[in-house]
Amino acid sequence: MKEKLLAFIHGLITYDYILFGVSFLLFLLFIILALLLRKKIILALFFVLFGFAIFLLGPTLGYIEMHKYLFKNSVRLLSQKRLHFVEALVVKGSITNESKFDFSECKITAKVYRVTKNRYKNYLLRLKPFQKMSILEPDIPQGQTREFKIIIEPFVYKKDYNVSLEGNCK
């Protein structure tokens, strides 16, 4: 847990610090407004609740949406092949930098999940893949597409499965 937290803090960019600072300042502003309007209890309570909502939701949702916009990419699955002579699955794909910045690195993750005939169960199975593998692709300039190959091993699953790809770039 400590390693994940340190990796998250190490990966923050200037925009993240600005977002966190503005959220904290807005929280303080609404708390001060609530203190000034303490004689109007309903309005003061609204400002306190709104301040805490900004304090909790602002950095979380702001971080997610800002990184979707700043580091926009698209990942395509080109092919997947299960090898029979070795217990492995080879996934080929491509990643395209659609942002206005160059990526220093992209973590591309392939997730394998089971498929059933029940569509509701399929939705739940997508949330918990039974096998994952990630690779790092360095230095992807703006507008460039790069192909990659991920080998998932050991892959011993014999029934029907699907593969999904996602890219997380910085």
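By class, how many residues in the lining of the largest pocket are nonpolar, polar and charged? Point 1 gives the counts. The model is a predicted one.

1. **Lining of the largest pocket, by class.** The lining has ten nonpolar residues, five polar ones and six charged ones. That covers 21 lining residues.

2. **Size and centre of the largest pocket.** The space in the largest pocket is about 680 Å³. Look for Phe8, Tyr63, Asn168, Cys169 and Lys170, which lie nearest the centre. Four elements give two or more residues to the lining: α1 (2-10), α3, β3 and β6. The largest share comes from α3, with four residues.

3. **The second largest pocket.** Its volume is about 190 Å³. Strands β3, β4 and β6 each supply at least two lining residues. The lining includes Lys107, Thr109 and Lys111. Lys132, Met133 and Ser134 also line this pocket. So do Glu166, Gly167 and Asn168. By class, one lining residue is nonpolar, four are polar and four are charged.

4. **Strand β3 and its partners.** Start with strand β4 (residues 131-140). It pairs with β3 in the antiparallel sense, over nine bridges. One residue pair to find is Ile108 and its bridge partner in β4, Ile135. Now turn to β6. Nine bridges join β6 to β3, and these strands also run antiparallel. Here Lys111 has Ser164 as its bridge partner.

5. **A salt bridge between β3 and β6.** The structure holds three salt bridges. One of them joins the side chains of Lys111 and Glu166, at 3.5 Å from N to O. This pair links distant parts of the chain, 55 residues apart. Lys111 sits in strand β3 (residues 103-114), and Glu166 sits in strand β6 (residues 161-169). Glu166 is partly exposed, with a relative accessible area of 43%. Both Lys111 and Glu166 also line the second largest pocket.

6. **A salt bridge within helix α3.** Lys68 forms a salt bridge with Glu65. Their closest N and O atoms are 3.5 Å apart. Both residues belong to helix α3 (residues 41-70). They are three residues apart, so about one helical turn separates them. Lys68 is exposed, at 53% relative accessible area. Glu65 counts as partly exposed, at 47% relative accessibility. Check these labels against the cut-off: exposed means over 50%.

7. **The remaining salt bridge to check.** Glu137 forms a salt bridge with Arg146. The closest N and O atoms of this pair are 3.4 Å apart. Glu137 is buried, because its relative accessible area of 15% is under the 20% limit.

8. **The largest nonpolar core.** In soluble globular proteins, nonpolar side chains tend to be buried together. The largest core in this model has 22 residues. Those with the most contacts inside it are Leu89, Ile95, Val112, Ile150, Ile152 and Tyr161. The elements giving two or more residues are α3, β2 (88-97), β3, β5 (145-152) and β6. Strand β3 gives the most, with five residues.

9. **Where to look again.** Strand β3 deserves a second look. It pairs with β4 and with β6. It gives two or more residues to the lining of the largest pocket. It supplies at least two to the second largest pocket. It also gives the most residues to the largest nonpolar core.

Technical notes. Residues numbered from 1 in each chain as written. Predicted model: local features only at pLDDT ≥ 70, side-chain atom pairs only at ≥ 80, totals over all residues. Heavy atoms only, no water. Salt bridge = Lys/Arg side-chain N within 4 Å of Asp/Glu carboxyl O. Buried < 20%, exposed > 50% of the residue type's maximum accessible area, 1.4 Å probe, protein only. Pairing = 2+ DSSP bridges. 1 Å grid on protein atoms, 1.4 Å probe; cavity = no way out; pocket = protein on both sides within 12 Å on 5 of 7 lines; lining within 4 Å. Points joined across faces, edges and corners; volume = space filled by probe spheres on them. Nonpolar A, V, L, I, M, F, W, Y, C, P; charged D, E, K, R; others polar. Core = buried A, V, L, I, M, F, W, Y, C linked by side-chain atoms within 4.5 Å.
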